[in-house]
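Here's a structure to walk through together. Have the 3D view ready to rotate as you read.

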Amino acid sequence: MRHLSTVYQGEEDLLRIHNVIASHPPQQTLMQVFCGTSDMDEVRLLRSRLVKLFPGISIIGASSMGEIVDARLMKHSTVISVSMFDHARVKTAFIDQNNDLKVAGRTMGAAFEQSPPDVLIVFGCGIKNNSFINNSPFLRELHSVIGEVALAGGLAAGYEAHESRTFVFTDQGFIEEGFVAAALSGSKLCSYTAYTLGWVPIGKTMTVTHAEGNRLYAIDGIPVREIYNHYLGLDFDPSTIYFLNHFPLMTEKDSIGTTNPISAINQDGSFELIQEIRTGEQVRFSFCDVVLQEESAKNLNKVLAEYEPEVIFVYSCAFRMEIFGDDITVDMEALTCSNHSVGFFTFGEYFTEPGRCPRFFQQTMTVLALSESDSCQIKSHANPPITVNIAKADSRRLQILKVLSHLVSSTTQELETTNQELAEQANKDGLTGLANRRLFDQVLLHRLNEHRRSKGTLSLILIDVDFFKQFNDLYGHVSGDDCLRALAQVLKKTVKRTSDLAFRYGGEEFGCILSFTDHAGALAVAGTIRRSVECLKIPHERSTVNEYVTVSIGVVTVENPSNNLSSQELINDCDLLLYQAKKGGRNRIVGQFQAQNI
């Protein structure tokens with residue numbers, strides 16, 4: 001494989017390229033063009049010249065927000081890259097719409113379905129209706145048609161005042177709303193894809209509680225704007241998004257942590273993200289600086305060097321360039337292991353790992369390393385994410401960041417543990433360790449609603465210690481507390497299913513909620529409790545029914561509860577049965593079965 005790249009200045013550059021590649025088979029030549037200009041007429045004219053001067057050669061191009069040539073960063077330039085393969089053949093595809101991303105993905109897949117390629121480079125238009133395009137649906141449909149392929153590339157970007165206009169083209173045509181691709185096929189073609197992120201999660205784990213598509217409304221039940229204001233201390237103005245994207249939300253999917261930057265802040269307070277976000281998804285803020293970025297680039301360079309690539313195609317996110325500014329040149333260190341590297345800054349990057357659907361990333365730098373060799377060791381793309389190993393970093397500043405990150409994480413974990421303990425304590429009876437009345441009310445209401453939907457059977461048990469006032473008067477409150485704790489242990493041993501709940505109702509009253517338990521089963525549980533308490537043989541000289549402590553129990557079972565039955569009515573029914581048990585002589589059980597909605 002041979003490769004050359006040039007920064008296009010005029011006709012002389014095209015003639016020089018022509019002289020180099022004239023004798024090479026056109027079907028084994030790929031030309032990539034990255035245009036850092038918004039002058040559409042100039043780009044159209046260049047495309048026409050290329051097609052005329054290089055007939056039969058596969059050409060793909062895209063508008064860019066920065067160009068990369070041999071580990072050097074360019075701006076406002078046009079870069080022409082030519083790869084001349086010894087064996088691999090090249091074919092392009094041109095899709096002239098992105099109104100329906102799923103259809104576009106299937107259409108592109110169909111172009112290569114008959115002979116699936118080994119490598120696929122895809123460029124898409126990055127802006128539509130002044131909004132960034134989430135290309136995940138396109139990639140999923142493309143993957144469903146052509147299967148596993150080492151796919152790379154990204155979305156075309158635009159420059160500054162003209163960033164809302166992006167374009168892609170091939171030897172077949174030019175489009176501002178669509179996709180282009182170059183397929184590479186060859187038995188000796190070796191590919192390796194990887195990416196570097198360099199972001200680390202900070203702060204506590206939070207849960208998305210309201211999201212629709214890529215619009216985020218609330219986290220942890222709090223409006224997202226208030227979350228950002230609380231944790232980042234920001235007043236929201238037109239420059240806010242730039243700063244917010246220094247601390248993007250990070251999610252983890254299939255063991256890969258990725259960021260999801262903000263593209264817009266809506267008037268209703270919601271945030272428009274680049275990618276979809278789901279209710280229930282867990283997120284954390286994330287952070288990266290040039291030291292983390294540099295370490296990550298060095299790690300990627302070491303990995304790439306092991307495979308001795310003949311050329312590296314690089315597709316990096318324009319967000320990185322905006323955030324890091326001049327420090328973005330640190331990323332280029334990842335590419336110094338090869339004599340040839342070329343690429344551009346995108347509005348979103350494509351990445352593939354073996355056995356999975358291609359992914360759509362932001363704020364990453366993705367690479368596609370290629371070589372053609374009989375001795376090539378990698379016949380498929382094996383691509384671990386390249387991240388920073390903070391623990392092994394020897395930079396003093398990085399060590400400080402390590403300590404800071406550890407401090408934040410440790411403090412956050414302690415706070416989360418404390419909050420969890422406080423929440424548990426708020427629902428727990430301090431004396432017995434059972435659920436308290438607060439949790440009982442919540443669970444009973446939830447179980448009633450659940451059994452209405454399932455048309456199932458729910459049982460409630462209420463328990464009262466017989467003559468407990470007399471017990472306290474004779475033995476004292478300390479012994480009374482010991483007695484209640486002993487009774488609580490009986491309930492814990494008897495009520496074991498996670499769907500059930502044993503609770504202290506108040507004073508000397510206890511109870512159980514038994515889900516999907518019929519009346520016979522509930523009476524059996526109540527009988528076990530009554531006998532077990534009696535078997536404790538806690539002396540009670542002032543009881544008129546037994547020499548030991550005993551309990552009276554009411555049991556109500558409702559099948560297919562109606563919408564009219566409230567939790568308080570169910571409690572009242574059970575309490576009446578408990579009263580009948582006490583009035584009937586105590587140390588006994590009175591039960592009732594109610595079939596409703598029949």
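We'll go from a sheet and the helix lying across it, to a cavity, and then to two residues with unusual backbone angles.

Keep in mind that this is a predicted model. Let's begin with the sheet. Six strands make up an open sheet, and if you step across it you meet them in the order E7-E14-E8-E11-E26-E27, with mixed pairing. Strands of a sheet pair through backbone hydrogen bonds, and they can do that either parallel or antiparallel. At the edges you'll find strand E7 (89-95) and strand E27 (359-361); each has a single partner strand, so one side of each has no neighbour in the sheet. On average, neighbouring strands here are turned by 15° against each other, ignoring direction.

Now zoom in on the E27 edge. Strand E26, residues 349-351, pairs with E27 in the antiparallel sense, and three bridges hold the record of that pairing. If you want a spot to click on, try Phe351: its bridge partner in E27 is Arg359.

Then swing over to the E7 edge. Which strands does helix H3 lie across? Helix H3 (residues 101-112) lies across E7, strand E8 (119-125) and strand E14 (179-185), and the helix runs at about 150° to E7.

Next, the cavity. How many cavities of 30 Å³ or more turn up in a search of the whole structure? The answer is one, and the space in this largest cavity comes to about 30 Å³. Its lining is made by Val465, Cys483, Leu487, Val533, Leu536, Ile538, Val549 and Val551. Two elements give two or more residues each to that lining, namely helix H12 (477-494) and helix H13 (519-536). As for chemistry, the lining residues split into eight nonpolar, no polar and no charged.

Last stop: backbone angles. Most residues other than glycine have a negative phi. His76 isn't a glycine, yet its phi is positive, at about 55°. You'll find His76 in the loop between strand E5 (72-74) and strand E6 (78-84).

Phe467 is another non-glycine residue with a positive phi, near 55°. Phe467 sits in the loop between strand E29 (457-465) and helix H11 (468-475). Is Phe467 buried or exposed? Its relative accessible area is 14%, and because buried means under 20%, Phe467 counts as buried.

How values were computed:
Residues are numbered from 1 along each chain as its sequence is written. This is a predicted model: local features need pLDDT of at least 70, side-chain atom pairs count only at pLDDT 80 or more; totals for chains, interfaces and linings use all residues. Side-chain values use heavy atoms; hydrogens and water are left out. Helices (H or I, at least four residues) and strands (E, at least two) are DSSP runs, numbered from the N terminus. Buried means under 20% relative accessible area, exposed over 50%, partly exposed in between (1.4 Å probe, protein chains only). On a 1 Å grid over the protein atoms alone, a cavity is a set of points where a 1.4 Å probe fits but cannot get out, and a pocket is an open set with protein on both sides within 12 Å along at least five of seven lines; lining residues have an atom within 4 Å of a point. Grid points are joined across faces, edges and corners, and a volume is the space filled by probe spheres set on the points. Ala, Val, Leu, Ile, Met, Phe, Trp, Tyr, Cys and Pro count as nonpolar, Asp, Glu, Lys and Arg as charged, and the others, Gly among them, as polar. Two strands pair if DSSP finds at least two bridges between them. Axes are lines fitted to C-alpha atoms, for helices over the stretch in contact, and angles run from 0 to 180 degrees between N-to-C directions. Contact means heavy atoms within 4.5 Å.
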